[in-house]
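Trainee: I would like a close look at a single part of this protein, taken slowly and with its surroundings kept in view. Please take me through it in one connected answer.

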Amino acid sequence: MADSEKIMRRSPRNHLVSPSSPNPSSSACKNSSSSTSRRSPRFSLTPNGDSSTVNKPSKKKLKLSHDVDLKSKKQKKNAANYSFFIGDPIPLDEATKRWPWRYHADEGRETNDRSDDDEDKVMLNVKCHYTQAEVDQCIFDIGDCAYVKGEKGGQNYIGRILEFFKTEEDEDYVRVQWFYRAEDTVIKDQASFHDKKRVFCSNLVNDNLLDCLVSKLEIAQLPPNVNLRSSRSVASCDYFYDMNYYLEYATFCNTMTDSITKSNDFAQCTDIQTVCSNDHSNLGKVDVAVLDLYSGCGGMSTGLCLGSKLSSVNLVTKWAVDTDEAACESFRLNHPKTKIRNESAADYLDLLKEWEKLCKLYRIDCAEISPSSNSRTSRIKTRSYADNEISSDEFEVSELLDICYGDPNETGKRELTFKGDVDVVCGGPPCQGISGYNRFRNVDAPLDDEKNQQIIIFMDIVKFLKPKYVLMENVADILRFADGVLGRYALSRLVHMNYQARVGIIAAGCYGLPQFRLRTFLWGAHPSVKLPQFPLPTHDVIVRYGGPREFERCIVAYDEGQPRSLEKALVLRDALSDLPEVTTHETRDEMPYKEDPLTEFQKYIRSSKSEMLCSGLKDEVKIERSILYDHCPNPLSEDDFFRVCQIPRKKGANFRDLPGVIVGSDNVPDYALTLGQGKSRRPFARLWWDETVPTVITTPNCHSLAVLHPQQNRIISIRESARLQGFPDYYRFHGNVKEKYRQVGNAVAVSVSRALGYALGTAWLRLSGDEPLMMLPPKFSLSNTNQLFHSLSSPSEIEQQKTEE
């Protein structure tokens, strides 16, 4: 995308994209009710898999394999190959009622103009419809499933027959709804471990010449289930399906009987402001347990919990796991009730597995398990299944963290369980093997790289715990590096576990931050619950670089021409101008504010924890809002400080503005002149008030990055970085200065996870729609929970809330 392109102004989802293989996901057949042009899966690629034809589709009609002549206007009827309709046409009155858009196109629909590709034009010059057809001595009925001729040398495609009709030119056509094999979806070659009989029903349909039908199929629809399905129900059919697949946001979801009729609404948005205003009487009364893996200092789960509050759902982070000791202490400092394990996710998974083995060997009295939050171990007396007395034996398990074996929830089934169960598993598994700083990246087999193993472990934990919801975050390169193998693998694992799934690429700045920060998010949902939507942007943000070409349909944005009401993009002045002036050697962890907030963002970010959670007393709020934490920068060396002091306080200033810029001089080091082959302007560059930052990083280094304060001779502080990430000012960080920077830079932007938490809450209550996108309430991004609650509540509800407090 061009630098000037706006994510809100022009949706990349209107472009044709080009997944490889015989892949219907790359471009789809066009539905008569579709809002954007789609191409048939038969024309996605050239026979050799080249996707270039999709980016610039031919204006000419392509030929099907086996030399089927699409231009023929006469039916060839002979012993080897023939096709024709059977019986009399459907009466015109009945046909008009069943397919009115075929016969009344001139009354307001010009469907032929929806695509420049002749093969995907919806036929409007229809003479009549039929109920049966015969092709190569095989009789087909409307509603039958069939093979459709594929590319030469490749597999036949799979579809369901929706219509038989004859045009005014006496051409015989069939309208087909397409099914996808797993490898034909965006999963591609990461579908090798899927059941070969499993297909996915799509909302993509198009018109094809009748003689492209090959033979009939039996495709069974099975109810979605995360447990192993009966082989008996699958053995009797050619294929089975238990999910729908949609190109938009690479969505896999529960089957819906009206998926075709509603396909024109699929990319629309749901405004649920009115729904929210009716549900605040139960605010915070529904508890949802969260396990935060690779939690860091808590950016993802903190935002999820804050956002869900407005949805009348109380997300509670009960468990967190991370290897960074300082980050774990930061998490504990802000979430004292969360049980935190300072260990690797692999070790945590091993603990779960070993505990399960122990439970299988011994019958455990759950009443004897009472791990204290203050104790490091729990002792459990056990007896064998044979009821043999083993009074002298004791088994010690370190920090069970509410894990028990039994039936604490009175379900009638004794099993390994977390008390209260894990409802949501969230996390951002690090994939250092795809980092651009890694010169030894394994491009050929990224999943074999030890540095990319965490994504496998994350999915293994999901498989073990079977939570209701999954949210995974990662860099955009997870969909770009090595043809997006890691992203495809993560999506494939969820779908293989029969989880619904949806992929979104989100820019943090779209939700009220002066930071771009493009990240990939993957929703997963148990078949029994609603698949969460992605929240539409609230702020008009310029895209500095686009998402991966193939996944442009996954960029969370408004469609071109879609009505919207966006707030102006935020800049550094909006976020940082009220903070006290400090020097490069500032060491205080706490200090008072010296100015009142100057902008809406500053008022919001100064909200107390009580206001964010919509609880607490006014006196507590006043105390919480009076202290500023962690407003200290990484100190500059003496030489660097000398150079920084000479950088002008103006927009665009950098090392080139230093007096006497000479290679090898004491004033300008060689690295400043050699970075980016001497073209980079980032060394010793000042940020400016009317700018944004590309992304907050873990190590702000003025040698190679623009990280200098606009008017002060220092690097931006920890608190300033935290504000750019959306952390409220009450959020504190533990560790030394470098550890705090690392925690902030590694975190998920709180403003983004907060918006996702709102979407999760509405899905939990089954208040969200089936569309992939939803609208957030007005002023969502810059209003705390208390403010939003009052803006959406009636006077009686507000009075009731005050009484309860």
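Trainee: Which residues does L213 touch, not counting residues up to four places away in sequence?

Mentor: Bearing in mind that this is a predicted model, L213 touches V135, F140, A146, Y147, V148, I161, F164 and V174 once residues up to four places away in sequence are set aside. L213 belongs to the largest nonpolar core, a set of 171 residues, and is listed there with F164, L291, I455 and L491 as having the most contacts inside that core. Apart from this core lies another, made up of nine residues, including F179, C201, L217 and Y239.

From that list I would follow I455, since it leads to a site with an annotation. UniProt, in an unreviewed entry, places the feature "active site" at C431, and C431 is in contact with I455 as well as with K451, N452, N474 and L486, leaving aside neighbours within four places in sequence. C431 itself is found in the loop between β24 (424-427) and α9 (454-465). Because its relative accessibility is 8%, and buried means under 20%, C431 counts as buried.

Two of the contacts of C431, I455 and L486, also appear where two helices meet: in α9, I455, I456, M459, D460, V462 and K463 face L486, Y489, A490, R493 and L494 of α10. The axes of α9 and α10 (residues 485-496) lie 10 Å apart, and the two helices pack at an angle of about 10°. Since angles under 35 degrees count as roughly parallel, α9 is therefore described as roughly parallel to α10. Sorted by character, the residues of this contact comprise eight nonpolar and three charged ones, with no polar residue among them.

For a second loop position to set beside C431, consider S768, which lies in the loop between α19 (750-764) and β33 (773-775). With a relative accessibility of 6%, S768 also counts as buried, and, neighbours within four places in sequence again left aside, S768 is in contact with K530, Q533, T762 and A763.

As for the setting of these parts, the protein has 21 helices and 33 strands, and 57% of its 805 residues count as buried. Where contacts join residues at least 6 apart in sequence, 70% of them link residues at least 24 apart.

Methods:
Residues numbered from 1 in each chain as written. Predicted model: local features only at pLDDT ≥ 70, side-chain atom pairs only at ≥ 80, totals over all residues. Heavy atoms only, no water. UniProt positions renumbered as here; feature names shortened; annotations may be inferred. Helix = DSSP H or I, 4+ residues; strand = E, 2+ residues; numbered from the N terminus. Buried < 20%, exposed > 50% of the residue type's maximum accessible area, 1.4 Å probe, protein only. Contact = heavy atoms within 4.5 Å. Core = buried A, V, L, I, M, F, W, Y, C linked by side-chain atoms within 4.5 Å. Axes fitted to C-alpha atoms, helices over the stretch in contact; angles between N-to-C directions. Parallel < 35°, antiparallel > 145°, perpendicular 65-115°, else oblique. Nonpolar A, V, L, I, M, F, W, Y, C, P; charged D, E, K, R; others polar.
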